[in-house]
Amino acid sequence: MARAKLRRLFEAAGYQVHLACDGVEALALLDKGRYALMITDLEMPNKDGFELIADVHGSMATEDLPVIAITGHDELHGRVGQIEGVYGIFKKPWNDRELLKRVHRLLRE
């Protein structure tokens with residue numbers, strides 16, 4: 001549900017969007033192409049958002065990739081502050097306007 005909502009939001013704003021079902025699929029996409037930004041849910045099967053972010057920032061090819069995290073849980077929201085390279089955390093349901101503003105700002109930098 002969240003992926004579909006994000007796709008509609010960002011495509012309507014003119015962004016090209018690639019979706020992954022989980023962290024494993026996201027890493028496979030990152031291996032195949034270059035991306036300007038990654039938005040990840042912290043709760044995913046196979047490889048959660050924390051593991052995905054650690055893998056992304058542990059790789060020379062993607063270590064500078066800006067990441068925005070999304071979560072529906074307060075306890076996970078608090079853990080994100082422990083991770084370097086996360087440029088925002090949005091709690092479900094997020095504010096579309098605020099999320100778009102953050103993405104636009106990060107892509108301009």
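Searching the whole structure, a predicted model, turns up one aromatic pair (rings of Phe, Tyr and Trp, the last by its six-membered ring, pair if their centres lie within 6.5 Å; planes under 30 degrees apart are stacked, over 60 edge-to-face, the rest tilted). The partners are Phe 10 and Tyr 15: ring centres 5.9 Å apart and planes at 70°, so this one is edge-to-face. Phe 10 is buried at 6% relative accessibility, while Tyr 15 is partly exposed at 23% (buried is under 20% relative accessible area, exposed over 50%, partly exposed in between, with a 1.4 Å probe and protein chains only).

Another ring has a charge for company: the charged end of Lys 5 sits over Trp 94, 4.8 Å from the ring centre (this needs NZ of Lys or CZ of Arg within 6 Å of the ring centre and within 35 degrees of the ring normal).

A word on ground rules. Residues are numbered from 1 along each chain as its sequence is written, and side-chain values use heavy atoms, with hydrogens and water left out. As the model is predicted, local features need pLDDT of at least 70 and side-chain atom pairs count only at pLDDT 80 or more, whereas totals for chains, interfaces and linings use all residues.

Now to strand β2, residues 67–71, where five of five residues are buried (helices are DSSP runs of H or I with at least four residues, strands runs of E with at least two, numbered from the N terminus). Val 67, Ala 69 and Thr 71 point one way, Ile 68 and Ile 70 the other. In a regular strand, side chains alternate between the two faces of the sheet.

Here are the pairings of β2 (strands pair if DSSP finds at least two bridges between them):

| Partner of β2 | Sense and bridges | Opposite residues |
|---|---|---|
| β1 (residues 38–41) | parallel, four bridges | Met 38 and Val 67 |
| β3 (residues 86–91) | parallel, four bridges | Lys 91 and Thr 71 |

Together, β1, helix α3 (residues 49–57) and β2 form a right-handed β-α-β unit (with the strands pointing away from the viewer, the path from the first strand over the helix to the second runs clockwise).

What does Lys 92 touch, leaving aside neighbours within four places in sequence? Lys 92 is in contact with Asp 41, Ile 70, Thr 71 and Gly 72 (heavy atoms within 4.5 Å). Lys 92 lies in the loop between β3 and α5 (96–108) and is partly exposed, at 30%. Its C-alpha is 5.9 Å from that of Thr 71, 21 residues away along the chain. Side chain to side chain, Lys 92 makes a polar contact with Asp 41 at 2.6 Å (N or O atoms within 3.5 Å; within protein, one able to donate a hydrogen and the other to accept it, and residues adjacent in sequence counting only if both atoms are side-chain atoms).
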